[in-house]
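Me: I'm new to reading protein models and would like a close look at one kind of contact. Could you walk me through the salt bridges here?

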Amino acid sequence: MQWIIATPEQPPDWFIQIVKQYTPASSGLYAAQLLWQRGIKDEQQLAAFTNYKTYQPASPFEFGEEMQLAIERLQQARNNNDKIAIWGDFDADGITATAVLWDGLGQFFNQDSQLTYYIPNRLKESHGLNCPGIDNLKKQGCKLIVTCDTGSTNINEIIYAKQLGIDVIVTDHHTLPEQRPPVAAIINPRYLPSEHQLFHLSGVAVAFKLIEALYLTLPNIPQNPLSDLFDLVAVGLIADLVQLSGDCRYLAQLGIQRLQADSKQPPTARRRPGVGRLLELCQRNGDRPTDISFGLGPRINAVSRIQGDARFCVELLTSRNLKHCHQLAEVTELANTRRKSLQKDVQAQVTQKLAQLDLSTTSVIVLEDTQWPAGVLGLVAGQIAQETGRPTILLSTEERRENITPTPSLARGSARSVNSVDLYQLVKQQEHLLNSFGGHPFAAGLSLLVENIPLFTEAINQQLRQSLGGTTLTPTVQADLTVTVADLGKELFLELKLLEPCGMGNPVPKLLIKNCWFENSWHRNQQDWKGKKVQYIKTDFDIRDESTKSRFPGIWWGHYKDELPLGKCDCIAELDYNTFKKRYEIRLIAVRSVENSDAINGISSQMILDWRNQEYSELRNQHSAVLMENCPTNWDDLRASLKRCLYNNQQLAIAWSKPNHQPPQEIWLTLVGIAKYLSRTNQSVTRFQLVEKLGIRDQTLFWGIEALKFLGFTVTRQDRDLQISWNPSMNSEGVNDAALERFLAAIREEQFQQNYFADVPLGTIMAIANKPV
């Protein structure tokens, strides 16, 4: 990973003195450097940036004629007593936008008789309008659909609705169609100039602007103030990672204030008890943007990722029923717990597949799997994109059985971009190979025929290579300021807090700490709110350097303590305040050993402790070595461990014995027996449990599952579990010889490799390890 260390331009003294007025407890130097670096260079800009009271927000009628048309159609609906359907999206921006329209339009229309809302099921439907959903709304007597965070490019569906006598008002912020759709109105900030203060609005903020225009047009009707919606707007804005400038920043500032004020109320007095309970469950109080980006946002998103149907989230955000909201919040929290475990499992599987790619010839990573749940693929794709520096597309080719009639097999997935690559345009160029797609430059969703995946992969890679010229994509992390451990704490935290709310275009300040070291490190599994362990790791530690004798606490999410260097190192971190532990701490972003920051090869014989085929339990307690106990099946597994140890300045102890393998045919019979037992008892199992029980790799298990199908077994996925059912009547011809032989051959190959690695001379390991990685 390439580290970019910023060298902030020193701001003039007069600017530092102005900033100091906002941070009286500190010198203001660090904040001044960052603000100056980010284009805030005069007193007027600084005032508007830091204090929403000095900012002049844009009128909703700057959307022009389209806003006027939308208001006229809503007034017509009010006069005619038309029934209105709000059509939202299933992510946090779409859910909060739906809630804003539900509460906002609810001031003008009766929620019991005139208003309803529709949220597509993430696991069964795609983003945007669809004809079956429109048919359902027609049956309910709807005359008008108001979309939020979706709809701009749904031309065919809009035409279909119009044929059924349903008008559509689109409020959205995604890519525009080539021509204006046949709608009653379309309110989308992308029609505005890119420098306009409304241009970066997310879906929830566009929906809010529609409600604001209605409040201005009919000021005597609403019973609740418009400010009641600010908290919902802030949640959607920050969760959707839009650029927090102009009205986006203004609305986020107002909303965070509203969240904080409501969270201080006793539960019975809160306007949004569901939001308050969610904050309690994630141990936050709502006064920081990170309370949304790491707390509320992921939990709202998790519901559709895990359950598909996220409709109840609107109720969670808008209901005033305390008991009911608490129940919904706890369901949401448990969905997020399952999301973490599922995401970790998929991440491990993607990493295995990634090891088989030659990244030197890969510009866009495209990976597929029959068992991957579509709901978490965007999250994992984002992680892989950051780690590799390459746009990443992950596809699920799982079989779908909603229709009895055979249909072409579709792959559905998510794409995430990095390094300023416009992913939307990149995917759009291959539109002829796709069944559907949509999104924006940083993220997209898509579906295509499974048979088109190889052609799509080759074409999109060739296209990006051509556009890059000779440029090489590399993962990068940038540090904004260089500080010491002595600088860390409340004073620096309050100084950097001046930049909040942070987001796209104004990221959280990244701090470089040089020549530091770690002490008291330990890792553990996370727990859910009921105390049950979650398969997600975090490492706690103390950081030290020569600037002070005191240590400072920190946390590294998703990493083990063994990944921390033993000696001196440089690290990049964010400074944070832990509400639950009531302490300031750093959140580790990246770390590298000082001695090995520029080298990864050169492994010496002293690096490896060869404990194979001997008793090593006593030795294990006497060395600070990384123990590799599982016999690998390829060189990549071994070299990855060696590389990590060199990076962290540790020894590697290889400590496996020659395996005592079951015959492949017995492993097959064991798999068949497990399948029969699970189908009979209706119990489920994870892929990792099967892999561990059978002693085989994940890819080998895949061939085993394929062979099971010829015996009449059906294997389906539910969350992270596999459900196996058996219909003996389908077993008319017995197992397919080719399918079974493929499974047995994969087992034999694994066993051969493991026998080889059990006895390979150490000199051979050294020779392979020192080849260029």
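Reply: Here is a short tour of the salt bridges, one pair after another. Keep in mind that this is a predicted model. The count comes to 33 salt bridges, and three of them make a good start.

Let's begin in a helix. E280 and R277 meet through their side chains in a salt bridge, with 3.2 Å from N to O. These two residues sit three apart in helix α11 (residues 273-281), so about one helical turn separates them. How exposed or buried is each partner? E280 has 34% relative accessibility and counts as partly exposed. R277, at 16%, counts as buried because the cut-off for buried is under 20%.

Now for a pair in strands. D576 and R587 form a salt bridge whose closest N and O atoms are 2.8 Å apart. D576 belongs to strand β17 (residues 569-578) and R587 to strand β18 (residues 583-593), so this pair ties together parts that lie eleven residues apart in sequence. Both D576 and R587 are buried.

Next, look at R583 and E585. They form a salt bridge too, and their closest N and O atoms are 2.9 Å apart. R583 is partly exposed, with 24% relative accessibility, whereas E585 is buried at 7%.

Finally, some salt bridges share partners. In this way R288, K497, E500, K510, E574, D576 and R587 are joined into one network. You have already met two of its members: D576 and R587 are the strand pair from above, with 2.8 Å between their closest N and O atoms.

Conventions:
Residues are numbered from 1 along each chain as its sequence is written. This is a predicted model: local features need pLDDT of at least 70, side-chain atom pairs count only at pLDDT 80 or more; totals for chains, interfaces and linings use all residues. Side-chain values use heavy atoms; hydrogens and water are left out. A salt bridge is a side-chain nitrogen of Lys or Arg within 4 Å of a carboxyl oxygen of Asp or Glu. Helices (H or I, at least four residues) and strands (E, at least two) are DSSP runs, numbered from the N terminus. Buried means under 20% relative accessible area, exposed over 50%, partly exposed in between (1.4 Å probe, protein chains only).
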